[in-house]
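Student: I am new to this structure and would like a close look at one part of it. Could you walk me through the binding site listed in the record, and the chain that carries it?

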There are 2 protein chains.
Amino acid sequence: MKQSRNQKIEMFRTVCKEHAIKVTPQRLEIFLEVISANDHPSAEEIFRRVQKRLPTVSLDTVYRTLSTFDEQGLIAKVHFLDDKTRFDPNTQQHHHMSCIKCGSITDFVWPEIDAMSLPSEVEGWGKVSDRHVLVRGVCSRCADKIDRGDGKDADTSPNDS
Amino acid sequence: MKQSRNQKIEMFRTVCKEHAIKVTPQRLEIFLEVISANDHPSAEEIFRRVQKRLPTVSLDTVYRTLSTFDEQGLIAKVHFLDDKTRFDPNTQQHHHMSCIKCGSITDFVWPEIDAMSLPSEVEGWGKVSDRHVLVRGVCSRCADKIDRGDGKDADTSPNDS
DNA sequence: GTCGTTGCAAAAGTTTTGCACGTTA
DNA sequence: TAACGTGCAAAACTTTTGCAACGAC
């Protein structure tokens, strides 16, 4: 499944043709960055990464490009705990787990849920187009940190600010 | 389960005492407004509603108060499709369905999901503290509008801008 | 060459903060 | 009265927009 950079570029050109949008260096780099990211970066974060290859790119181009990709269904905007929009290159049905300590977001699949029939309450509400599960908790990496007591970014009790 | 205003006020005073926060008219009105709301209002919306009873209240007080309530676990901040924070007075385990046409958000319960064991992928990821399902679709009210053809806020196809 | 895209700068919208004053316990 | 909470104004931060210049097709 792993593709070379050139293969990805070729793929992007094809996708752009299909969607009738122009191929620009900015779009290309943003696309490559987003599809290789597995950490659901924010626009700002993508901007920082793209800047390394394309120092002249501007933040608003990143915003515009990501919106374009989202409208075209190439990526998905997701909203989790913070107020920032994050971007997900995975447009297949999947779910997310989010660490309340480090904020990391990880994909997972749960076919049982996808197949399960919804409560009648929901069926009566309207026409459902998708279902998504967000699991929250503390990832093992953060849990280890807490156990070891080096609470670097481990503010164990969110309630005593 | 329905309480009179006076009962609610009494309840709020008790809650404040428990949490060692002071009772002020602003906090009281914000609290009453939030716990009677079932539409997951934003801070701005709560501000508008509170203003009717308390014309001198300021928006930042609403923000500060809602954050305080959230920290104390009296209400919950929730993030759905838009980038605004919304507030949920229901701190029990429950899930949400959201209409992609009108943006309304409605609670529902799904005990099977709550009881179901998570995929091993998730168990290995870390220590889970909660799970939440977001169901998206078109609520019957909006579906009716679309069928009738009076597409007031019914832009049926989000993908052909 | 045309039209879509970019960069800049400015604006808009949401949320946070500093500070002096007012209110609660 | 001491500490906490409020209102105002300004700032911070994310995201959007107008416009002239540029670049892809």
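Tutor: Here is a walk from the whole chain to the site, with a short look at a helix pair at the end. Please keep in mind that this is a predicted model.

Let us start with chain A as a whole. Chain A has seven helices and five strands, and from the N terminus on its elements follow the order α-α-α-α-β-β-β-β-α-α-β-α. The C-alpha trace of chain A spans about 50 × 50 × 30 Å along its principal axes. Of the 161 residues in chain A, 39% are buried. The accessible surface of chain A is about 9,200 Å², and carbon and sulfur atoms account for 49% of that. Taking contacts in chain A between residues at least 6 apart in sequence, 45% join residues at least 24 apart.

Now to the site. An unreviewed UniProt entry lists Cys99(A), Cys102(A), Cys139(A) and Cys142(A) under "binding site". These residues span 44 residues in sequence, yet no two of their C-alpha atoms are more than 8.3 Å apart, so they gather at one spot.

Take Cys99(A) to begin with. Cys99(A) sits in strand β3 of chain A, which covers residues 95-99. Its relative accessible area is 1%, and because buried means under 20%, Cys99(A) counts as buried. Setting aside residues up to four places away in sequence, Cys99(A) touches Ser104(A), Gly137(A), Val138(A), Cys139(A), Cys142(A) and Trp125(B). Two of the listed site residues, Cys139(A) and Cys142(A), are thus among its contacts, and Trp125(B) brings in chain B.

Cys139(A) belongs to strand β5 of chain A, residues 126-139. Cys139(A) is buried as well, with a relative accessible area of 5%. Apart from neighbours within four places in sequence, Cys139(A) is in contact with Cys99(A), Cys102(A), Trp125(B) and Gly126(B). Trp125(B) therefore appears in the contacts of Cys99(A) and in those of Cys139(A).

Finally, a look inside chain B. Helix α3 (residues 43-53) and helix α4 (residues 59-71) of chain B pack at an angle of about 115 degrees, with their axes 9 Å apart. The crossing of α3(B) and α4(B) is right-handed. On the α3(B) side, the contact is made by Ala43(B), Glu44(B), Ile46(B) and Phe47(B), and on the α4(B) side by Leu59(B), Val62(B), Tyr63(B) and Leu66(B). Seven of these contact residues are nonpolar, one is charged and none is polar.

Note on methods. Residues numbered from 1 in each chain as written. Chains lettered and ligands numbered in written order. Predicted model: local features only at pLDDT ≥ 70, side-chain atom pairs only at ≥ 80, totals over all residues. Heavy atoms only, no water. Axes fitted to C-alpha atoms, helices over the stretch in contact; angles between N-to-C directions. Helix = DSSP H or I, 4+ residues; strand = E, 2+ residues; numbered from the N terminus. Left-handed = near helix turned anticlockwise from the far one by under 90°. Contact = heavy atoms within 4.5 Å. Nonpolar A, V, L, I, M, F, W, Y, C, P; charged D, E, K, R; others polar. UniProt positions renumbered as here; feature names shortened; annotations may be inferred. Buried < 20%, exposed > 50% of the residue type's maximum accessible area, 1.4 Å probe, protein only. Areas by Shrake-Rupley, 256 points an atom, 1.4 Å probe, with all protein chains shown as cover.
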